[in-house]
Amino acid sequence: MTDLRVEFAGLKLKNPIVAGGGPLAGTVDHIKKCVDAGFGAIVTKTVAYLKYIQRWPRPRYLLVDYKKKANDPYYVPDDYTWLHREHNSVYPPESFAKIIKEAAPYAKEHDCAIIGSINGRGLDEWVKMAKMYEEAGCSALEINFCCPFPPVELVEKPEDAFMGIAFTLEPEKGVKIIETLKNTVQIPLFAKLNPDGQDFEGMAEMFKDAGVDGLTMFANNRLMRVDIETGEPTNWGPCAGTGPAFKGHSIACIARVARTAGLPLMGGRGATTWQDGIEFMMAGANAVQYCSPIMLRGLSYVKELIRGMEGYMERRRYSNPQEFVGKALKTVYSTKEIIAKTKALYSTVDLKKCVGCGRCAEVCFYDVIEMHRKPKFYADRCVGCTLCKQVCPVDAIEMKERDNDLDHFKAYISAHPEWAAEDIKKGQF
Ligand SMILES: Cc1cc2nc3c(=O)[nH]c(=O)nc-3n(C[C@H](O)[C@H](O)[C@H](O)COP(=O)(O)O)c2cc1C
């Protein structure tokens with residue numbers, strides 16, 4: 001019997017699928033629709049007092065490399081880049097607190113947590129919003145240390161530019177906010193980070209010491225694409241962006257923090273399918289946010305994510321996600337450990353299967369493969385990179401284990417053995 005329930009920093013969620021902050025939950029009606037869709041929790045559209053970011057440039061969404069199919073209107077490609085210039089809610093914080101107050105009983109009735117997203121300038125604003133949101137019925141707060149990126153030239157006072165992403169880039173400034181809010185509200189506090197940051201392990205430690213209850217990794221970061229026909233940036237220059245291609249970076253950062261910080265982590269940014277959700281969780285996320293993928297596929301997609309995760313868990317005989325959260329972290333190895341654990345490889349070809357297409361020779365940059373009608377492999381030059389095997393269209397290539405590492409290192413230096421470092425010549429790493 002599968003049970004999708006997870007605990008996240010004291011919140012008991014009926015499933016780990018969370019609506020990422022944004023237009024999914026920007027009005028009473030939309031919050032209720034997200035509840036009906038089946039999310040375990042919903043992060044609301046961020047609010048801020050700064051008027052400039054309650055207004056949005058136009059047009060605000062742009063899909064780049066989004067391949068459509070005329071005969072399949074509901075087709076969504078596996079890859080694309082989503083660019084946008086959407087700022088915070090058009091409603092001031094006081095008004096959004098009313099939205100939450102109206103939607104909160106419905107969410108509670110349906111066992112769905114509302115996580116209020118706030119974005120302040122200076123402690124007074126943070127405190128005011130946090131109190132209001134707790135009173136309005138939020139189960140937790142997501143403190144926005146990620147977006148928007150207020151362009152300095154457009155704000156009236158320099159301190160207005162110190163919002164959102166600024167706290168990921170200068171995390172020591174976020175510490176005071178976390179400490180203060182921790183003394184202001186009883187509900188859990190999550191800090192949402194921007195992927196443009198660097199030392200996420202250090203940041204996590206700093207925020208944990210300040211009292212944060214969990215981290216959300218990540219929001220959008222700054223992306224830019226160029227239309228090569230016009231030579232102009234596709235969306236007026238660097239702006240917020242996301243897309244399936246970014247999940248690898250998000251997952252790597254989650255794994256880094258999960259291995260060190262011991263804080264509950266909400267994954268996101270690039271998670272598109274239920275499989276992605278499992279991947280984020282295996283890398284250490286306790287729950288996963290989806291925003292733009294739901295906007296592109298509609299709210300009915302949430303049920304598909306839930307069904308997909310349940311089906312997977314039944315097939316793999318997991319009774320609860322907790323059994324696979326962080327599973328991948330046990331086999332993350334350093335280069336030295338990998339070398340100690342594995343044998344060197346070389347490639348061989350089964351000429352009966354080979355169709356002589358030459359694809360293997362094309363990708364071999366170690367001069368192992370000579371093409372005649374069929375390929376000839378020189379094992380003494382093969383460094384076992386495995387690329388030829390991976391691209392072979394008929395699976396004619398097999399990797400074999402070497403008896404000793406010396407042959408492997410000789411292969412590495414086969415082009416210029418006389419110029420190789422002495423320890424490598426002796427097969428020492
Ligand atoms: C149109 C749009 C508006 C967004 N608005 C907010 C917001 O108000 N607050 C916030 O924290 N994140 C906001 N985000 C970021 C998302 O919550 C999410 O972190 C990001 O899009 C990456 O996840 P995804 O790949 O699932 O979309 C927004 C994203 C999009 C696409």
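Let me start at the ligand. In this model, which is predicted, 26 residues surround the ligand. The closest of them are G20, G21, G22, C291 and S292.

What is the shell made of, in terms of nonpolar, polar and charged residues? It divides into 9 nonpolar, 13 polar and 4 charged. Two elements to look for on the screen are β6, residues 81-84, and α9, residues 292-297. Each of these supplies at least two residues of the shell around the ligand.

Now zoom out to the whole chain. It is divided into domain 1, running from 6 to 328, and domain 2, running from 335 to 425. If you take the centres over C-alpha atoms, 44 Å separate domain 1 from domain 2.

Next, the sheets. I will take the one with β6 in it, since we have just met that strand at the ligand. Four strands form this open sheet, and the order is β5-β6-β14-β11. The pairing is antiparallel. Which strands are at the edges? They are β5, residues 61-64, and β11, residues 221-223, and each of them pairs on one side only. On average, neighbouring strands of this sheet are turned by 45 degrees against each other, direction ignored.

Let us walk across that sheet, pair by pair. β5 and β6 run antiparallel and are joined by 4 bridges. If you want a residue to click on, L62 stands opposite L83 in β6.

Then comes the step from β6 to β14, which is residues 239-242. These two pair in the antiparallel sense as well, over 3 bridges. Here H84 has A240 in β14 as its bridge partner.

The last step is from β14 to β11. Again there are 3 bridges, and the strands run antiparallel. R222 stands opposite A240 in β14. So A240 turns up twice in this walk: it is the bridge partner of H84, and it stands opposite R222.

The other sheet to look at is closed. Here 8 strands close into a barrel, in the order β3-β4-β7-β8-β9-β10-β15-β16. In the barrel the pairing is parallel, whereas in the open sheet it is antiparallel. Neighbouring strands of the barrel are turned by 25 degrees against each other on average, direction ignored.

I will show one pair from the barrel. Strand β9, residues 189-193, and strand β10, residues 214-217, pair in the parallel sense over 4 bridges. L193 has M217 as its bridge partner in β10.

Last, the helices, and there are two contacts to show, with α6 in both. How do α6 and α7 pack? Helix α6 is residues 200-210 and helix α7 is residues 247-260; the angle between them is about 45 degrees, and their axes are 9 Å apart. That angle makes α6 oblique to α7. The crossing of the two is right-handed.

On to the contact with α5, residues 172-182. The axes of α5 and α6 come within 8 Å and cross at roughly 25 degrees. Angles under 35 degrees count as roughly parallel, and α5 and α6 are therefore roughly parallel to each other. The crossing in which α5 passes α6 is right-handed.

To go back to where we began: β6, at the ligand, supplies at least two residues of the shell, and in the open sheet β6 comes between β5 and β14 in the strand order. That is what I have for today.

How values were computed:
Residues are numbered from 1 along each chain as its sequence is written. This is a predicted model: local features need pLDDT of at least 70, side-chain atom pairs count only at pLDDT 80 or more; totals for chains, interfaces and linings use all residues. A residue is near a molecule or strand if its C-beta atom, placed from the backbone, lies within 6 Å of it. Ala, Val, Leu, Ile, Met, Phe, Trp, Tyr, Cys and Pro count as nonpolar, Asp, Glu, Lys and Arg as charged, and the others, Gly among them, as polar. Two strands pair if DSSP finds at least two bridges between them. Axes are lines fitted to C-alpha atoms, for helices over the stretch in contact, and angles run from 0 to 180 degrees between N-to-C directions. Domain bounds come from an automatic or database domain assignment. Angles under 35 degrees count as roughly parallel, over 145 as roughly antiparallel, 65 to 115 as roughly perpendicular and the rest as oblique. A crossing is left-handed if the near helix is turned anticlockwise from the far one by less than a right angle, and right-handed if clockwise.
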